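Thanks, everyone. I have one structure to go through this morning, and I will start from a single residue and work outwards. Here it is.

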Amino acid sequence: MLPSGEKFANLAEFRAILVLHPERFVTTLTEKLLTYALGRGVDFYDQPAVRAIVSDAARHDFRFSTLILGVVRSVPFQMRSAQS
């Protein structure tokens, strides 16, 4: 069962649910990519960047390359500080 309450019994049903709401999956994936890229968790002040990346990805059929470029071009990634 998903947090939204949607139930599935197999992988095909799970995929069907994801296809119905691609923005949910892409938002979570974007947050995970940004977490990895930043080396820290995503916080509330990162959400405008996440929304912008997902919005841009939606205009490009949710292409993975669009997500990666969005993360690299995002303000949080551009403004991260180097760890010593």
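Start with Thr66, which is buried, at a relative accessible area of 9%. This is a predicted model, so everything I quote is computed from predicted coordinates. Thr66 sits in helix H4, residues 64-73. Which residues does Thr66 touch, once those up to four places away in sequence are set aside? They are Asp56, Ala57 and His60.

Now the whole chain. The protein has 5 helices and 0 strands, so the order from the N terminus reads α-α-α-α-α. The C-alpha trace spans about 45 × 25 × 20 Å along its principal axes. There are 84 residues, and 24% of them count as buried. The accessible surface is about 6,200 Å², with 60% of that belonging to carbon and sulfur atoms. Taking contacts between residues at least 6 apart in sequence, 42% join residues at least 24 apart. On charge, there are 10 positive and 8 negative, and their mean positions lie 4 Å apart.

Next, helix H3, where Ala57 belongs to the buried set. H3 covers residues 47-59, and those 13 residues, at 1.5 Å each, should span 18 Å. The end C-alpha atoms are 18 Å apart, so the expected and modelled spans agree. Which residues of H3 are buried? Ala49, Val50, Ile53, Val54 and Ala57. Because these cover an arc of only 130° around the axis, they are on the same side of H3. Arg51 and Arg59 are on the other side of the helix, and they are exposed. As for what covers the buried residues of H3, the cover includes helix H2, residues 22-38, along with H4 and helix H5, residues 75-78.

That brings in Ser74, in the loop between H4 and H5. Is Ser74 buried or exposed? Its relative accessible area is 6%, which is under the 20% cut-off, so Ser74 is buried. Beyond its neighbours within four places in sequence, Ser74 is in contact with Leu34, Ala49 and Ile53. Of those partners, Ala49 and Ile53 are in the buried set of H3 that I listed a moment ago.

Two residues in the loop between H3 and H4 deserve a look at their backbone. One is Asp61, and the other is Phe62. Asp61 comes just after H3 and takes a positive phi of about 55°. Phi of Phe62 is near 55°, again a positive value in a residue other than glycine. On accessibility, Asp61 counts as exposed at 69%, whereas Phe62 is partly exposed at 26%.

Last stop, the loop between H2 and H3, where Gly41 lies. Gly41 has a relative accessible area of 43%, so it falls in the partly exposed class. How far apart in space are Gly41 and Glu31, C-alpha to C-alpha? The distance is 8.5 Å, for a separation of 10 residues in sequence. With neighbours within four places left aside, Gly41 is in contact with Thr35 and Asp46.

To go back to where we began: Thr66 is buried in this model, and one of the residues it touches is Ala57, on the buried side of H3. That is all I have.

Terms used. Residues are numbered from 1 along each chain as its sequence is written. This is a predicted model: local features need pLDDT of at least 70, side-chain atom pairs count only at pLDDT 80 or more; totals for chains, interfaces and linings use all residues. Side-chain values use heavy atoms; hydrogens and water are left out. Helices (H or I, at least four residues) and strands (E, at least two) are DSSP runs, numbered from the N terminus. Buried means under 20% relative accessible area, exposed over 50%, partly exposed in between (1.4 Å probe, protein chains only). Contact means heavy atoms within 4.5 Å. Accessible areas come from the Shrake-Rupley method with a 1.4 Å probe; for residues, only the protein chains shown count as cover. Lys and Arg count as positive and Asp and Glu as negative; His and the chain ends are not counted. The place of a charge is taken as NZ of Lys, CZ of Arg, CG of Asp or CD of Glu. The expected span of a helix is 1.5 Å times one less than its number of residues. The arc is that of the directions from the helix axis to the C-beta atoms.
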